[in-house]
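Q: I am new to this structure. Please take one part, look at it closely, and then work outwards from there.

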Amino acid sequence: MARTITYRDAISEALVQCMEADASIFVVGGGVDDVRGVWGTTVEARRRFGPRVFDVPNCENAMGGVVIGAAALGMRPVWVHARNDFMFLALDQLINMAAKWKYMYGHARGVPIVVRGVIGRGWGQGATHCQSIQATLAHYPGLYVGMPSTPADAKGMLVQAMRGEVPTLVLEHRALYDHPGEVPESPTPVPFGSGAILRRGQDVTIVGASLMAYEALRAAALLQEVGVSAEVIDPRSIRPLDWDLIRSSVESTGRLVVVDTSWAMCGFSAEVVARAAETCLGALKAPPVRVTPPDHPAPVSQPLEDAYHPSPRSIANACLDVMNRNERADTSVPDVQKHFMGPY
Amino acid sequence: MNGSPEIRTALLRSMMRIRVTEEMLAALYPQNQMRTPTHFSIGQEATAAGVSAALRPDDAVFSGHRCHAHYLAKGGDLQAMVSELFGKQGGCCGGRGGSVHLTDLKAGVVASSAILGETIAVAVGAAEAMSMNHQDRLAVTYFGDGAVEEGIFHESMNYATVRRLPVLFVCENNLYSVLTPLSCRQPAQVTIHERARGYGMPAQPVDGYDVCAVYAAARDAVAHIRSGRGPYLLECTTYRWREHVGPQWDYDWGYRSKSDVDAWVERCSIRTLKATLIADGVCTAEQVDQWEGELRTQVEKAVRVAQEDSFPPVETMMEGTY
């Protein structure tokens with residue numbers, strides 16, 4: 001049975017249901033056991049499971065080792081970062097240990113850690129609080145990287161991560177936390193490497209994960225007003241990537257626009273365009289276009305910040321460009337974080 | 001002298017197993033059949049032997065790049081180690097890890113890693129799992145004086161103390177990080193064990209060339225940890241005889257003199273204990289020679305088996321990534 005709940009409640013529900021079923025799961029991270037519980041996502045788990053949900057010293061580098069060591073001895077740690085930007089401090093453990101453990105040591109079981117990182121946006125988050133580090137993480141074989149865009153995926157991908165055997169990073173988007181959606185009551189896993197077609201269309205394929213899947217849907221609605229039919233593909237996981245789904249869509253529409261929360265250079269959008277060039281170049285009727293933040297750090301000042309992030313309008317305009325159409329998209333669509341009052 | 005005749009004999013034989021293995025492998029290195037950067041433990045055997053003698057088989061050991069001694073002293077499989085150095089299928093990592101990533105889960109050698117200080121925190125995490133599951137096991141992390149400069153060492157001590165975890169920090173202070181002496185890297189006013197005390201954990205300096213002293217200190221530390229009183233640090237002063245990585249002597253490189261090295265060779269833990277045990281009538285010189293002969297035979301066999309073993313098939317190269 002599905003009912004409508006928010007992205008944040010879907011995350012909370014995944015934690016509670018999986019912890020109920022598996023005593024080896026524990027949750028750590030800054031603020032997971034305080035009254036606010038990472039915007040409510042860990043409050044219920046803390047209430048029910050007490051010491052299995054605990055705050056830790058500020059030590060991302062060592063914490064990476066701690067969760068890996070615990071996983072090596074049979075536990076299933078879930079490690080939460082209220083901003084994924086802090087995970088740069090943990091990269092040695094994630095990349096040199098977790099990603100390589102099973103391969104390098106030849107152990108039958110790897111270290112199935114689950115790392116939640118929240119991507120920020122809006123109200124002046126600034127250069128170090130609204131990055132999204134999927135490209136950095138997805139570069140390394142041995143890890144899974146998921147970026148859920150809907151409440152159902154937020155729950156299902158976290159469930160899969162907690163039941164799987166692979167060190168898995170789930171990047172949640174703060175701007176999606178209040179979004180409602182239909183979510184199965186039961187803990188139904190969403191497999192990694194399986195994308196979703198969020199909207200069918202004939203003229204252009206828009207690929208975007210996380211908040212950009214949502215923005216792509218809003219862009220598709222704008223495009224419909226000018227008679228353009230966009231297909232929206234949410235890859236859901238960046239690694240592994242459901243390339244077959246993207247390729248078949250590109251082969252059917254002949255046009256590709258890739259939208260990302262992070263930069264174009266060596267980014268997820270670069271990977272998608274490269275694969276299109278390798279596998280379905282002949283199907284493309286126009287050069288692919290990438291819609292990403294401009295190639296500089298994120299500014300704080302509101303007009304600059306508003307211009308910085310990809311928007312439904314910029315995505316729609318990119319699609320119109322690919323279609324060789326002269327119209328411009330409607331400017332009245334509100335910013336996704338318009339009502340966000342901060343601080344985080 | 002600490003320890004019963006049986007313990008002291010076991011300590012001698014444990015150190016000899018490491019020394020004989022390492023010296024025989026070092027001698028074979030120039031043949032270029034072992035193609036993996038190797039940090040020999042020759043000269044540092046007493047720390048591994050003394051600490052391991054105070055542990056139980058189900059205790060978990062973590063090490064760094066210079067991991068051969070820790071692996072062997074904890075009971076790591078000799079054949080699997082030698083085959084790993086030869087890059088063969090029978091290696092402890094199936095030829096995917098090499099010298100700096102030794103592991104033997106059956107022996108409680110969970111992981112070794114070449115990134116400085118990395119496994120200190122992993123050991124703390126293992127201790128966290130033991131603590132959560134109310135086990136009376138403990139985790140040991142071996143690291144060098146170089147790793148002490150890494151932030152992760154301090155983060156790990158802080159975490160382990162706050163969480164009162166069953167972890168034994170063993171610093172093998174061999175006075176150099178590659179070629180750089182301790183004096184260039186750390187404040188002389190505060191020793192490593194004093195820094196650990198600053199985090200509120202008991203910490204003791206130990207003569208890392210006196211294996212019985214290491215054993216006694218480790219036994220005290222283990223008793224403290226197993227009684228639920230949290231982490232403990234031992235700073236064992238020791239000395240590496242050969243070059244940082246590789247089988248050669250390096251006293252002609254200019255960063256340390258031959259007389260420096262000779263002074264430590266003169267204090268050799270193995271020779272000292274052997275002489276004492278013979279003088280005390282615990283064993284005879286002939287027995288020691290016989291043990292050494294047996295060890296040599298074991299290593300020769302391990303090398304032969306490794307040489308005859310197959311390389312992993314290239315088609316299997318991707319296996320284990322996920």
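A: A residue is called buried when its relative accessible area is under 20%, exposed when it is over 50%, and partly exposed in between (1.4 Å probe, protein chains only). This is a predicted model, in which local features need pLDDT of at least 70 and side-chain atom pairs count only at pLDDT 80 or more, while totals for chains, interfaces and linings use all residues. Residues are numbered from 1 along each chain as its sequence is written, chains are lettered from A and ligands numbered from 1 in the order in which they are written, and side-chain values use heavy atoms, with hydrogens and water left out.

Start at B:V110. It sits in strand β2 of chain B, residues 109-112. Helices (H or I, at least four residues) and strands (E, at least two) are DSSP runs, numbered from the N terminus. Is B:V110 buried or exposed? B:V110 is buried, because its relative accessible area is 6%. What does B:V110 touch? Setting aside residues up to four places away in sequence, B:V110 touches A:A72, A:W101 and A:H107 of chain A. On chain B, B:V110 touches B:A60, B:V61, B:F62, B:T103 and B:L105. Contact here means heavy atoms within 4.5 Å. B:R8 is another matter: it is 102 residues from B:V110 in sequence, and the C-alpha atoms are 27 Å apart.

Now widen the view to the whole interface. In contact are 34 residues of chain A and 37 residues of chain B. The size of an interface is often given as the accessible area lost when the parts come together. Chain A and chain B bury about 2800 Å² between them, and 69% of that is on carbon and sulfur atoms. Buried area is the accessible area (1.4 Å probe) that two parts lose on being put together, summed over both. Which three residues of chain A supply more of its buried area than any other three? They are A:L73, A:Y103 and A:Y105, with 25% of the area that chain A buries against chain B.

A pair of helices also meets across the chains. Two packed helices are described by the angle between their axes and the distance between the axes. Helix α4 of chain A (residues 60-72) and helix α6 of chain B (residues 151-162) have axes that come within 8 Å and cross at roughly 65°. Axes are lines fitted to C-alpha atoms, for helices over the stretch in contact, and angles run from 0 to 180 degrees between N-to-C directions. The crossing of α4(A) and α6(B) is right-handed. A crossing is right-handed if the near helix is turned clockwise from the far one by less than a right angle, and left-handed if anticlockwise. From α4(A), the contact uses A:E60, A:N61, A:A62, A:M63 and A:V66. From α6(B), it uses B:I152, B:E155, B:S156 and B:Y159. By class, this contact has five nonpolar, two polar and two charged residues. Ala, Val, Leu, Ile, Met, Phe, Trp, Tyr, Cys and Pro count as nonpolar, Asp, Glu, Lys and Arg as charged, and the others, Gly among them, as polar.

Next, some other places in chain B. B:T21 belongs to helix α1 of chain B, residues 5-28. B:T21 counts as buried because its relative accessibility is 1%. Beyond four places in sequence, B:T21 touches B:L72, B:L78, B:M81 and B:V299. B:A279 lies in helix α10 of chain B, residues 269-279. B:A279 is exposed, with a relative accessible area of 67%. B:A279 and B:L12 are 267 residues apart along the chain, yet their C-alpha atoms are separated by 14 Å.

Turn to chain A. A:Q134 lies in helix α7, residues 134-138. A:Q134 counts as buried, at 0% relative accessibility. Its neighbours, not counting residues up to four places away in sequence, include A:V145, A:M147 and A:L171. A:C280 is in the loop between α11 and β14 (289-291) of chain A. A:C280 is buried at 4% relative accessible area. Leaving aside neighbours within four places in sequence, A:C280 is in contact with residues including A:W243 and A:E251. The C-alpha atoms of A:C280 and A:E251 are 6.8 Å apart, though 29 residues separate them in sequence. A:C266 is in the loop between β13 (256-259) and α11 (268-279) of chain A. A:C266 is exposed, at 64%.

Last, the backbone. The peptide bond from A:R239 to A:P240 is cis, with omega near -5°. A:G342 and A:P343 are also joined by a cis peptide bond, with omega about -10°.
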